[in-house]
Amino acid sequence: ERLKPTSTVDSVCGFCATGCSLKVHLRDGEGVNLSASPAYPVNLGMACPKGWEALRVLDAPDRATEPLLRGEDGELHPVSWEKAASTFAKKFKAIKERHGPDSLAWLGTGQITCEDFAFLGALGKFGMGIRHGDGNTRQCMATAVAAYKQSFGFDAPPYSYQDYEDSDVLVFVGANPCIAHPIMWQRVMRNKNKPEIIVVDPRSTETANAATTHLAIAPKSDLSLFYGVARELIAQGHIKRDYVDRYTEGFEGFEDFVQEYTLEKVSSDSGLPVSAIEAFVASIAGGKRVSFWWTMGVNQSYEGVRLAQSMINICLMTGNIGRPGTGPNSITGQCNAMGSRLFSNTTSLLGGHDFLNEGHRNKVSEILKIDVSNIPDENCWAYDQIVNGVESGKIKGLWIIATNSAHSWVGQGRFRDAVKKLEFLVVQDMYHSTETAQLADLVLPAASWGEKEGTFINSERRIGVTRKVHKAPGKALSDFNIFRLLAAYWGCGAMFKEWDTPENVFKILCRLTKDRPCDISGLSGYGDLSAKGGVQWPYRSEDQDGETHRSLFSDGKFYRPGCKAIFLYDHPKPLPEPTCSNYPFVLLTGRGTSAQWHTQTRTAKSDVLRKLYPKNVYVEVNPTDAERMGLASGSLVSVSSRRGVVKAGVFVTPTVQPGQVFMPMHYPETNWLTKPDFDPHSRQPSYKHCAVQLQPV
Ligand code: SF4
């Protein structure tokens, strides 16, 4: 009887960027169970294990239930919210006064709502005058952002999930949707066109095994491969000249550039036989609706932006864009990475604007009714530059919100050493037990997904509402209310007079986007969004046509000057860390399961999810290497890189090629080993390739 629901509310899931809608069944306002929403256009009645267990992770014993302040004894002690907020203001203001605005920074997340992001970004930059802020979205989709911005003039993933069903050739690059985006994969399975599914990946992932073709390339040879494919398409006359002439620029230079990527060169770079490359070209040439889909294998690379653009270039030159079933499509990772792209006030000025554009600054100041002098006229540091700033002592105060940097940051040992130099570290999180919260001077206990409301924007640009279905434990507050409290204690509360509820902030955000590519000024509030089953941007007042999905660029108009997309390219760079006799294996990293999320911060709290995944870190080793080294599944090895040494269980499997090993990202050990290299355009870290040694223990 106690668990018998009396009402139901629809709420968007708070894990991944698929953005499934869940029906949360309530008793006395508390979620007692949930099921997948059958009619929502994203998930059509499906959910993955993480979604099904979303309520179970909220009642963990290590939830942060009261603010904690580190005392002179070096321990964290409970304090009141008044003490926590006044200490935050006193410490950060003192640092800023002594060392200037460059001495403070925040690191946010892709896991909070659009309204939370907007509040954090506006409070941080406009209210507190903190110059530098970035988010963990730098680790997941910064490369796609930079690639789209440069090629199209705006960060605009062009697709809808319906495109999975409409394509006849789907090319997945560095992506494993079978486990990373299982509901999107189900959309592929619904495709009735008997599509060719081609997976480009060094590893025989679950998706590669389900594909019609697996191109098991040498790690980091994909840029050469796509230039070679472009060369062959040009040589064989498979170019849509009309499209290229009318809607793009820079093709002639690209045509010359790719000439050196002969079949023989690409075969030698990638390890693929010439016949496999020719067959790949024939598939693209013969496809009527060809789509490219990528995730972290592309984004998390020292040359990810040019790699993403190598696929954009192929789509542009073959006219595979702006039509159903086509597109160069980046699949986002976190539930609200897209919201962060538009509203976090870090890389872009609120609402898809530009800090360097005076007109944009004036528009934002007018809508927010703040003095334009509060809006910075320069871009701020990215995540890695903030970490460098901490390391060099320039940054003295750091505020980390809903991310576990001490686990997830590339080459995490350096991060952990760097934060010891801070004068004051604030961590705002739903758990006090994360590796990062344990390092904090002040822990601010935050409500989780399900304990607050707001909006998320998923990978296909769909804005959905997430609802409060659970009471936050103890004295934990929603991020939104923490920001309101800190604004008051900082003395800038008046600036946020109208920011009294998440829905009112959402209405402000809708107004801010007016006349930008992401214009959602046609929306009136959460009720409107829920009634429509989520809405994809753009959604202006004239877009209220009842369309259930839409793809961008169907009119051939891009957001660059002259409305033309541009071909961009550079030659591949040498590997930052090639293997050698001391470190003879390539370490690949990635997701290991659909049952865990990122650093397992939340998902490890579910008994069900824990049972679906090995408790301890493991390393996949090819049988040939295992035999040579006398390793068996279940034995222990030490895995060492130039950054550190960890122990891992051996899993002997042909999933990895000889000379390569794979470790999942979900365990804290993995990022002791990874190497901090960054794409020069996006500043996204390159997690996917470094040199390691294995030693039996
Ligand atoms: Fe859907 Fe992603 Fe949530 Fe799973 S984690 S239910 S795929 S949104």
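User: What makes β23 and strand β26 (residues 690–696) a pair, and is the sense parallel or antiparallel?

Analyst: In this predicted model, β23 and β26 are joined by four bridges and run in the antiparallel sense. Two strands are said to pair when at least two bridges are found between them, so the four bridges of β23 and β26 meet that requirement. One place to look is Ser 640, which faces Gln 693 of β26.

User: Which strands make up the closed barrel, and what is the pairing?

Analyst: The closed barrel has six strands in the order β21-β25-β22-β24-β23-β26, and the pairing is mixed. Both senses can be found around β25, because β21 pairs with β25 in the parallel sense over five bridges, whereas β22 (residues 618–621) pairs with β25 in the antiparallel sense over two bridges, and each count meets the requirement of at least two. On the β21 side, Val 586 stands opposite Gln 660 of β25, and on the β22 side, Val 621 stands opposite Val 661.

User: Why is strand β25 (residues 660–664) described as largely enclosed by the rest of the structure?

Analyst: That wording rests on burial, since five of the five residues of β25 are buried and the strand is therefore largely enclosed. The two faces can be told apart: Gln 660, Phe 662 and Pro 664 are buried on one side, and Val 661 and Met 663 are buried on the other. In a regular strand, side chains alternate between the two faces of the sheet.

User: How do you know that both faces of strand β16 (residues 442–445) are covered?

Analyst: Leu 442 and Leu 444 lie on one side of β16, Val 443 and Pro 445 lie on the other, and all of them are buried. Strand β16 also has partners: β4 (residues 68–70) pairs with β16 in the antiparallel sense over two bridges, and β15 (residues 424–429) pairs with β16 in the parallel sense over four bridges. Leu 442 appears in both pairings, standing opposite Leu 69 in one and opposite Val 426 in the other.

User: Why is Gly 634 called exposed?

Analyst: Gly 634 has 10 other C-beta atoms within 10 Å, and a residue counts as exposed at 12 or fewer, so Gly 634 is exposed. Gly 634 lies in the loop between α25 (623–629) and β23 (636–641). Leaving aside residues up to four places away in sequence, Gly 634 touches Gly 649 and Val 650. The C-alpha atom of Gly 634 is also separated by 6.4 Å from that of Phe 651, which is 17 residues away along the chain.

User: Why is Gln 600 called buried?

Analyst: Here the count is 21 other C-beta atoms within 10 Å, and burial requires 20 or more, so Gln 600 is buried. Gln 600 is found in the loop between β21 (585–590) and α24 (607–611). Its C-alpha atom is 11 Å from that of Thr 403, although the two residues are 197 residues apart in sequence.

User: How do you know that the buried residues of α22 line one face of the helix?

Analyst: The buried residues of α22 (residues 502–512) are Pro 502, Val 505, Phe 506, Leu 509, Cys 510 and Leu 512. Seen down the helix axis, they fall within an arc of 155 degrees, so they line one face. The elements covering these residues include α3 (114–127), α17 (358–368), β17 (454–457) and α21 (479–490).

User: What makes β17 and β19 (535–536) stand at the edges?

Analyst: The open sheet has three strands in the order β17-β18-β19, with antiparallel pairing. β17 and β19 each have a single partner strand, so one side of each is left without a neighbour in the sheet. Between β18 (residues 462–466) and β19 there are two bridges, which meets the minimum of two, so they count as paired. Arg 462 has Gln 536 of β19 as its bridge partner.

User: How many residues surround the ligand, and which are the closest?

Analyst: The ligand is surrounded by 13 residues, of which the closest are Cys 13, Cys 16, Cys 20, Cys 48 and Gly 51. The elements giving two or more residues to this shell are α1 (49–52) and α7 (182–189). By type, the shell holds eight nonpolar residues, four polar and one charged.

Methods:
Residues numbered from 1 in each chain as written. Predicted model: local features only at pLDDT ≥ 70, side-chain atom pairs only at ≥ 80, totals over all residues. Near = placed C-beta within 6 Å. Nonpolar A, V, L, I, M, F, W, Y, C, P; charged D, E, K, R; others polar. Contact = placed C-beta atoms within 7 Å. Arc of directions from axis to C-beta.
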